[in-house]
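Here is a short report on a two-chain model. It moves from one sheet to whole chains, then to the interface and a few loop residues.

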Amino acid sequence: MVSDMPRYLMSVYGAAEPGEFGSYPSKEAMLQSFADTGAFNERLEKEGHFVFADGLAEATTATTVDGQGDKPIVTDGPYLEAKEYLGGFWVIEAADLDEALALAADASKACRGKVEVRPFQTEESFKALLES
Amino acid sequence: MTDPSTESAITRAHHEEWARVVAGLARRFGDLDIAEDAAAEAFVAAVERWPLDGIPPNPGGWLTTTATRKAIDRLRREARRGTKHEEAALMNDETPSAPTGPVTDDRLGLVFTCCHPALAMEARVALTLRLLGGLTVAEIAHAFLVQETTMAQRITRAKAKIKAAHIPYRVPSESDLRERLAGVLAVIYLVFNEGYLASAGEDPLRGELTAEAIRLGRLLRDLQPDDGEVTGLLALMLLTDARRSARVSRTGELVTLDEQDRGGWDQALIAEGHALVRERLAAVAAGDRPPGRYQLLAAINAVHTYAPSARDTDWSQIVTLYSRMATIDPSPIVRLNRAVAVAELDGPQVALAEIDRLAGELDGYHAFHVARADLLRRLARSGESRAAYDRAIELAGNPAERTYLMRRRDQLS
């Protein structure tokens, strides 16, 4: 069943080259954050917000492909040069931005990072785009 | 030819009904563009019809009905183009949607939408003035000294974000209410200061912002009468605005509080502001939460406006109020203002010692150098005073204030 609740992407950014324990100061801190994030995810599922969530491998492992020409051009590395890269994300459903921002605050606490909240296009906004 | 009474009825309806019409439509149609455009069209219709047909017995009802009809016409046109099916279904819904939870004024929900923390401050200000204040985009652009296209884009972008990110049109939950309300008050106070601080300039439109902020403050108090800070902000704005005409001389020079002609103060605004401050004092005495920053600032202004002359000012009261303020907002600016009051109570020497401790934090702030210059002058340290005036003049943005500071500097022996 497709829900008509708005969907949001919650992204977390981290250093391009994380240290021994990722962006965490110690192994204990890392494990504690994983546990908190796990508990947060369970809560998202239980409350019906969860769509998808996962963490990404280091940005240095990314490959960029441009297939718009005759032959695809493959480049080592992420698309944008930056100091920080996307490290993980959630896709959630929430009633409105207020609810999404409240969840993001808890997500930020659990994963020990800033969380960017961005709405997905909706069927309506996509239609408006086609009609414009 | 519009009869002046019809014209004033239209102006009054615009002040009183604009926000209600926009908010009602926003709730019903769930779309700020439709709400704003339909409300604007309804007022255009009023300008055309009322001089011919007479002022309707219930102007607000007339405007709401007309605006609703305009909105439905627009949705019908769009539906005919084969779009917006779901909205088209709404056309037949003549009953207002059933309120859920406690019945609240639609305008209150719209206040929180316009002042949502997910929007940039300048977008909050612009949306509040457009959707709640009913100012035109051109007026807002003018007041904030930006191009009309820039302001139009700012408003369009904010509305697009509200729509795409699903920023709700409703009053926040009890747990968030206080903090969100503080955000709303910050927007209104910013609008007020933008008008008040610029009102020394030659531009009357910027001064209009103070009137608009006061209107918004009154609206918010109607909607949230029990919140002490809402009342405090309204009192603060009234007591500040009451002194507006005495604040600039005929030659366009700033007149400081101690030199103002108190007979030129607006007694009606002062009486209203004092009544609000008394209401808050009684509420706090009866066990309401301790006053926040706007109530304290209003109380400070009440002490000034109670005094028949600058000499009669109860400075110990003012120092006490600033000390309380410093406990909730320990910023150097609050400490600076406190020190200025201390000078009246304990003399310039004591105050100067307090002010000099703020030099590191406030060196780039003109009011710091103004206060120092004045204290040094009173201590007959003319050379240092002159240097402080020079620095203050360099940093002051307001031409009326610069003129005043230059005269003070040139009067030094």
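How many bridges join strand 2 of chain A to strand 5 of chain A, and which way do the two strands run? Strand 2 and strand 5 (residues 84–93) of chain A are joined by 5 bridges and run antiparallel. Two strands count as paired if DSSP finds at least two bridges between them. Within strand 5 of chain A, F89(A) is the residue opposite D54(A).

This is a predicted model: local features need pLDDT of at least 70, side-chain atom pairs count only at pLDDT 80 or more, and totals for chains, interfaces and linings use all residues. Residues are numbered from 1 along each chain as its sequence is written, while chains are lettered from A and ligands numbered from 1 in the order in which they are written.

**The sheet of chain A**

The pairing of strands 2 and 5 belongs to an open sheet of 4 strands in chain A. The strand order is 2-5-1-6, and the pairing is antiparallel. Strand 2 (50–55) and strand 6 (115–119) of chain A are the edge strands, each pairing on one side only. From one strand to the next, the twist averages 25°.

Helix 2 (residues 97–111) of chain A lies across strand 1 (7–15), strand 5 and strand 6 of chain A. Helix 2 runs at about 150° to strand 6 of chain A. Here axes are lines fitted to C-alpha atoms, for helices over the stretch in contact, and angles run from 0 to 180 degrees between N-to-C directions.

Along the sequence, chain A reads β-α-β-β-β-β-α-β-α. Helices (H or I, at least four residues) and strands (E, at least two) are DSSP runs, numbered from the N terminus.

**The two chains**

The table sets out the make-up of each chain.

| Chain | Helices and strands |
|---|---|
| Chain A | 3 helices, 6 strands |
| Chain B | 20 helices, 0 strands |

Along its principal axes, the C-alpha trace of chain A spans about 55 × 45 × 25 Å. For chain B, the C-alpha atoms fill a box of roughly 80 × 50 × 40 Å along the principal axes.

Chain A has 132 residues, of which 21% are buried. In chain B, 40% of the 413 residues count as buried. A residue is buried if 20 or more other C-beta atoms lie within 10 Å of its own, exposed if 12 or fewer, and partly exposed in between; the C-beta atoms are placed from the backbone.

Contacts can also be sorted by sequence separation. Two residues are in contact if their C-beta atoms, placed from the backbone, lie within 7 Å. Among chain A contacts between residues at least 6 apart in sequence, 70% join residues at least 24 apart. In chain B, 61% of contacts between residues at least 6 apart join residues at least 24 apart.

**Domains and annotations**

Chain B is divided into domain 1 (4–87) and domain 2 (317–413). These bounds come from an automatic or database domain assignment. Taken over C-alpha atoms, the centres of domain 1 and domain 2 of chain B are 51 Å apart.

An unreviewed UniProt entry places "domain: RNA polymerase sigma factor 70 region 4 type" at residues 113–162 of chain B. That span is 72% helix and 0% strand, and its end C-alpha atoms lie 8 Å apart. For chain A, an unreviewed UniProt entry gives "domain: YCII-related" for residues 28–119. This span is 37% helix and 32% strand, with its end C-alpha atoms 34 Å apart. UniProt positions are given in the numbering used here, feature names are shortened, and annotations may be inferred rather than shown by experiment.

**The interface**

Where the chains meet, 8 residues of chain B are in contact with 8 residues of chain A. The chain B side of this interface has 6 nonpolar, 2 polar and no charged residues. Ala, Val, Leu, Ile, Met, Phe, Trp, Tyr, Cys and Pro count as nonpolar, Asp, Glu, Lys and Arg as charged, and the others, Gly among them, as polar.

**Loop residues**

Most residues other than glycine have a negative phi. L145(B) has a positive phi, near 55°. L145(B) sits in the loop between helix 7 (137–143) and helix 8 (148–164) of chain B. L145(B) counts as exposed because 10 other C-beta atoms lie within 10 Å.

A380(B) also has a positive phi, near 60°. Its loop links helix 18 (366–378) and helix 19 (382–395) of chain B.

In chain A, T61(A) is in the loop between strand 2 and strand 3 (63–66). Is T61(A) buried or exposed? T61(A) is exposed, because it has 10 C-beta neighbours inside 10 Å. The C-alpha atoms of T61(A) and P78(A) are separated by 8.0 Å, and the two residues are 17 apart along the chain.
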